[in-house]
Amino acid sequence: MTSKRSLRSILQQDLQQKPQQQYENQSTQIATRLFKTEEWKDATTIAITISRTPEVDTYPIIREAWQTGKTIVVPKCHKQTRTMTFHVIQSFEQLESVFFGLLEPIVSQTVEVHKNKIDLVIVPGLGYTTNGYRIGFGGGYYDRFLSEYEGNTISLAFPEQILPSLPLEPHDIPVKKLISPEEVISID
């Protein structure tokens, strides 16, 4: 089986090839499906990352959450401990560019929220299986966070990110739902 490192590289290359129009259309289809889920409707506090191309576009999702009165929290990664905390943002101006060009909350302008207060975590990744397992970007931040999180988890994926299998490790935790442009896959 392909190593995680080479699989990450292949997936990123595949996603970079996606035409802009297809990227936008599929991101919109995924967001529309997300908004119809019970997990979304019931959530008041939602954890989500600030996407970078070629990830599913999360900007319209965040705007929709704000317009419907939901609280958005985004992760702040702590490299020394390889952990992350989530902070409330009320505008994109409360973000700053950190390592690898990732946008994270400006800690001095935002309030940290305990994981028990988060109703739904939208878990990022590069590749997924239909039974909810994922391969992330290699930092292990979400695996550590999810090991202590008991709420709802959903991942958003383009069709080319859904794979028949992935190299799994004992600490890998599956998400409870996977949303693609074509379908919503619930994992038992």
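**Nonpolar cores and overall form of the predicted model**

Ile72 is in contact with Ile46, Ile48, Ile62, Ala65, Trp66, His87, Val88 and Ile89, when residues up to four places away in sequence are not counted. These contacts belong to a predicted model. A second, separate core, made up of 16 residues, includes Ala47, Val113, Ile118 and Phe145.

The largest nonpolar core comprises 30 residues, and Leu34, Ile72 and Leu156 have the most contacts inside it. Two or more residues of this core come from each of helix 1 (4-16), helix 2 (20-35), helix 4 (59-67), strand 2 (71-78), strand 7 (120-122) and strand 10 (152-156). Helix 2 makes the greatest contribution to this core, giving four residues.

Phe145, one of the residues of the second core, lies in helix 5, which covers residues 141-146. The relative accessibility of Phe145 is 7%, below the limit of 20%, and the residue therefore counts as buried. Leaving aside residues up to four places away in sequence, Phe145 touches Met84, Phe86, Lys115, Ile118 and Val121. Ile118 is also listed among the residues of the second core. Between the C-alpha atoms of Phe145 and Ala65 there is a separation of 22 Å, and the two residues are 80 residues apart along the chain.

Arg82 occupies the loop between strand 2 and strand 3 (83-89). The phi angle of Arg82 is near 55 degrees, which is a positive value in a residue other than glycine. With a relative accessible area of 37%, between the limits of 20% and 50%, Arg82 is classed as partly exposed.

The protein chain as a whole contains five helices and 12 strands. For 188 residues, a compact globule would be expected to have a radius of gyration near 16 Å, and the value of 16 Å for the protein chain agrees with this. The C-alpha trace spans about 45 × 35 × 35 Å along its principal axes. Of the contacts with a separation of 6 or more, 65% are accounted for by residues 24 or more positions apart.

Buried residues constitute 48% of the 188 residues in the protein chain. The exposed area of the protein chain is about 9,600 Å², of which carbon and sulfur atoms supply 48%. Finally, the protein chain carries 19 positive and 22 negative charges, and the mean positions of these two sets are 3 Å apart.

Definitions and conventions. Residues numbered from 1 in each chain as written. Predicted model: local features only at pLDDT ≥ 70, side-chain atom pairs only at ≥ 80, totals over all residues. Heavy atoms only, no water. Core = buried A, V, L, I, M, F, W, Y, C linked by side-chain atoms within 4.5 Å. Buried < 20%, exposed > 50% of the residue type's maximum accessible area, 1.4 Å probe, protein only. Contact = heavy atoms within 4.5 Å. Rg over C-alpha atoms; globule rule 2.2 N^0.38 Å. Areas by Shrake-Rupley, 256 points an atom, 1.4 Å probe, with all protein chains shown as cover. Lys, Arg positive; Asp, Glu negative; His and termini not counted. Charge placed at Lys NZ, Arg CZ, Asp CG, Glu CD.
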